Amino acid sequence: MPKPKISKPDLTCTHPDTGVIAAVRIGDCREQLLKFQQVKDQSVDLVFADPPFNWARDYDRHETGDAWDDAAMSRKEYLDFTYAWLDLCAQSLSPTGSMWVNIPDDSAAEIVVHLKSIGLHMVNWCIWHYRFGQNTKGKFINSKVHALYFCKDPNNRTWNSDPILEESDRRAVYGDLRTESKKDGMPAGMRVPMDVWYGPYWGRIQGNNKERRAKHDNQLPELYLHRVIACSSNPGDTVLDPFLGSGTTGVIAHAMERHFIGTEYSKPNAEMAFERIVDGPVRALGALRGESTAIQEQRVKRRVPRKKPLAANG
Ligand SMILES: C[S@@+](CC[C@H](N)C(=O)[O-])C[C@H]1O[C@@H](n2cnc3c(N)ncnc32)[C@H](O)[C@@H]1O
């Protein structure tokens, strides 16, 4: 198959203050991705992908009739599709690049095995935990999605812990003074978050959640993308999302001074996501830095005062 030519993206904008560019192409990511120069040049610093799950999800909430049919593929076809986009994304990475995949239980194992087989290295197998899963009586209620974190070179990957630090349980629950003079180089009382993610503003985006966009039922929380983008890229880097959906990755990347490139099969989805990228995030990004996610009650009177609660923009 001939390689597609670089062409102008369908939607582009430049951030008025920072000058970073967001560019979106409409169509199947397997055809559209190679039209980006950054993909061809292998200069993408971070890929975040939240693919269709083959669960017969309705991606045609605009009722155009030409949206992605999430029920059309057999299991084999779905896995072949999955491996095709994974390969394209992995090939786009810069030498220090990382790739994150948001995926439920049924395909996580296959994706992990495939990414290892093409030479990527697993850094973390994180879990996004939420409390409002679908009720089930005959088996345990599902309350998680996997956030698979891979990199190209385990000895040379972009990693920033400082913007994502949280208060350690040792300080929040026990008020342990030893956490105030840490020997591991971390600021007093702080730690890198654990690999199970939950907390205020980490729930599924539904009901009257302020972040919720019309005509999307699988939107990720802004804080999830803030964490991924903050730890795995730097201002001025390029972030890629092949499955834009309501645009969460683009919104946060653009607001965090990263260049953004993305693809989306459905034209109305892409256009609405783009409007959201221009509007910017709802939450005050980074406002939860230093907060505690402890689930135990505080056992000892605090010696260090609690941070003020999260302020939101809207
Ligand atoms: C799970 S949603 C992404 C949600 C997104 N992370 C958010 O926060 O809104 C998947 C999206 O991928 C799009 N999609 C499905 N197959 C695609 C393909 N082959 N190429 C590009 N986009 C595709 C669907 O239209 C849908 O909007």
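How are H7 and H8 oriented to each other, roughly parallel or roughly antiparallel? The views below start there and then move through the rest of this predicted model.

**View 1. Helix H7 beside helix H8.** Here we look at H7, residues 248-255, packed with H8, residues 267-279, at an angle of about 25° and with the axes 8 Å apart. Angles under 35 degrees count as roughly parallel, and H7 and H8 are therefore roughly parallel to each other. Their crossing is right-handed. On the H7 side, the residues to look for are Gly250, Val251 and His254, which meet Ala273, Arg276 and Ile277 of H8. Sorted by class, this contact of H7 with H8 holds 3 nonpolar, 2 polar and 1 charged residues.

**View 2. Helix H6 against helix H7.** Stay with H7 and bring in H6, which spans residues 222-232. The two helices pack at about 55°, and their axes are 9 Å apart. H6 and H7 are therefore oblique to each other, and the crossing is again easy to name: H6 passes H7 in a right-handed sense. From H6, the residues Glu222, Leu225, His226 and Ile229 meet Thr248, Thr249, Ile252 and Ala253 of H7. The contact of H6 with H7 divides into 4 nonpolar, 3 polar and 1 charged residues.

**View 3. The surroundings of the ligand.** Thr248, met in the previous view as part of the contact between H6 and H7, turns up here too. Around the ligand there are 21 residues, and those that come nearest are Asp50, Phe243, Gly245, Ser246 and Thr248. The shell is made of 9 nonpolar, 9 polar and 3 charged residues.

**View 4. The open sheet and the helices packed on it.** Nine strands form this open sheet, and their order is E1-E2-E11-E10-E3-E4-E6-E5-E9, with mixed pairing. At the edges stand E1 (11-14) and E9 (196-197), each with a single partner strand, so one side of each is left without a neighbour in the sheet. Further in, E10 (residues 238-241) pairs with E11 (residues 259-264) in the parallel sense, over 4 bridges. To pick out one bridge, find aspartate 241, whose partner in E11 is glycine 262. H7 packs on the sheet and touches E2 (21-26), E3 (44-49), E10 and E11, and the direction of H7 makes about 170° with that of E11. H8 packs on the sheet as well, touching E1, E2 and E11, and the direction of H8 makes about 170° with that of E2.

**View 5. The hairpin of E1 and E2.** Now zoom in on E1 and E2, which pair in the antiparallel sense over 4 bridges. One bridge to look for links cysteine 13 with alanine 22 in E2. The two strands form a hairpin with 6 residues between them, and in the turn glycine 19 has a positive phi of about 80°.

**View 6. Helix H3 crossing helix H4.** Our last stop is H3, residues 75-91, and H4, residues 105-117, whose axes come within 11 Å and cross at roughly 45°. That angle makes H3 oblique to H4, and the crossing is right-handed. Leu79, Thr82, Tyr83, Leu86 and Ala90 in H3 meet Ser107, Glu110, Ile111, His114 and Leu115 in H4. This contact of H3 with H4 has 6 nonpolar, 3 polar and 1 charged residues.

Definitions and conventions:
Residues numbered from 1 in each chain as written. Predicted model: local features only at pLDDT ≥ 70, side-chain atom pairs only at ≥ 80, totals over all residues. Near = placed C-beta within 6 Å. Nonpolar A, V, L, I, M, F, W, Y, C, P; charged D, E, K, R; others polar. Axes fitted to C-alpha atoms, helices over the stretch in contact; angles between N-to-C directions. Parallel < 35°, antiparallel > 145°, perpendicular 65-115°, else oblique. Left-handed = near helix turned anticlockwise from the far one by under 90°. Contact = placed C-beta atoms within 7 Å. Pairing = 2+ DSSP bridges.
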